[in-house]
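Reader: I have a model open and no idea where to begin. Can we go through it one feature at a time?

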Amino acid sequence: MSEPMYFVLTALRAGPLHGHAISKSIKELSGGRVKPSVGTLYGILERLNERGVISVDREETVNGRNRRYFRITDEGQALVEAEARRMHEAAQLVLRPIT
């Protein structure tokens, strides 16, 4: 799983969000380090939706523009949790004291 994909799923754990809100959340969660372009973000959302780890929650029109809200599915929640555990285990190899 790519880092931007991980942060998309992490952002959606807080509840349904639209693209701009996801982008803003990713920036906040990563301390400004991860900033996918709009095209990259929507490519990630499309791939995650195709894989069934996110779904479209609803659509609304704001100022004449369609806004699509995405939510994480149970499968997506399990996937991001498994990735967090994997990264934690890998980090422990580096962060533990050397004996």
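Reader: Let me start with a loop residue. What does Pro16 touch, not counting residues up to four places away in sequence?

Author: This is a predicted model, so keep that in mind throughout. To read a contact list, look for partners from other parts of the sequence. Pro16 touches Asp57, Arg58, Tyr69, Phe70 and Arg71. Pro16 itself sits in the loop between H1 and S1.

Reader: How far apart are Pro16 and Asp57, in sequence and in space?

Author: They are 41 residues apart in sequence. Their C-alpha atoms are 6.6 Å apart.

Reader: Is Pro16 buried, exposed or partly exposed?

Author: Use relative accessibility here. Buried means under 20%, exposed means over 50%, and partly exposed lies in between. Pro16 has 35%, so it counts as partly exposed.

Reader: Now the whole chain. How many helices and strands are there?

Author: Count the elements, then read their order. The protein chain has four helices and three strands. From the N terminus, the order is α-β-α-α-β-β-α.

Reader: In what order do the strands lie in the sheet?

Author: Order in the sheet is read from pairing. Here the sheet is open, with the order S1-S3-S2 and antiparallel pairing. The edge strands are S1, residues 17-18, and S2, and each pairs on one side only.

Reader: How many bridges join each pair of strands?

Author: S2 (residues 54-62) and S3 (residues 65-72) pair over eight bridges. S1 and S3 are joined by two. For single partners, look across the strands. Glu60 has Arg67 in S3 as its bridge partner. His18 stands opposite Tyr69, also in S3.

Reader: What should I know about side chains along a strand?

Author: In a regular strand they alternate between the two faces of the sheet.

Reader: What happens at the hairpin of S2 and S3?

Author: Two residues lie between the strands. Check the backbone angles there. Asn63 takes a positive phi near 50 degrees.

Reader: Which helices lie against these strands?

Author: For each helix, ask what it touches and at what angle. H1 (residues 3-12) packs on the sheet and touches S1, S2 and S3. The direction of H1 makes about 90 degrees with that of S3. H3 lies across S2 and S3, and runs at about 130 degrees to S2.

Reader: How do H2 and H3 sit, roughly parallel or roughly perpendicular?

Author: Compare the crossing angle with the cut-offs. The axes of H2 (residues 19-29) and H3 (residues 38-50) cross at roughly 105 degrees and come within 11 Å. Angles of 65 to 115 degrees count as roughly perpendicular, and H2 and H3 are therefore roughly perpendicular to each other. H2 brings Gly19, His20, Ile22, Ser23 and Ile26 to the contact. H3 brings Leu41, Tyr42 and Leu45.

Reader: What classes of residue make up the contact of H2 with H3?

Author: Five are nonpolar and three are polar, with no charged residues.

Reader: One last residue. Is Glu83 buried or exposed?

Author: Look up its accessibility again. Glu83 is at 11%, so it counts as buried. Glu83 belongs to H4, residues 74-95. Next, look for side-chain partners. A polar contact of 2.7 Å joins the side chains of Glu83 and Arg86. Leaving aside neighbours within four places in sequence, Glu83 is in contact with Met1 and Tyr6.

Reader: How much of the chain is buried?

Author: Buried residues make up 33% of the 99 residues.

Definitions and conventions. Residues numbered from 1 in each chain as written. Predicted model: local features only at pLDDT ≥ 70, side-chain atom pairs only at ≥ 80, totals over all residues. Heavy atoms only, no water. Axes fitted to C-alpha atoms, helices over the stretch in contact; angles between N-to-C directions. Parallel < 35°, antiparallel > 145°, perpendicular 65-115°, else oblique. Contact = heavy atoms within 4.5 Å. Nonpolar A, V, L, I, M, F, W, Y, C, P; charged D, E, K, R; others polar. Pairing = 2+ DSSP bridges. Buried < 20%, exposed > 50% of the residue type's maximum accessible area, 1.4 Å probe, protein only. Polar contact = N/O pair within 3.5 Å; in protein donor to acceptor, adjacent residues only side chain to side chain.
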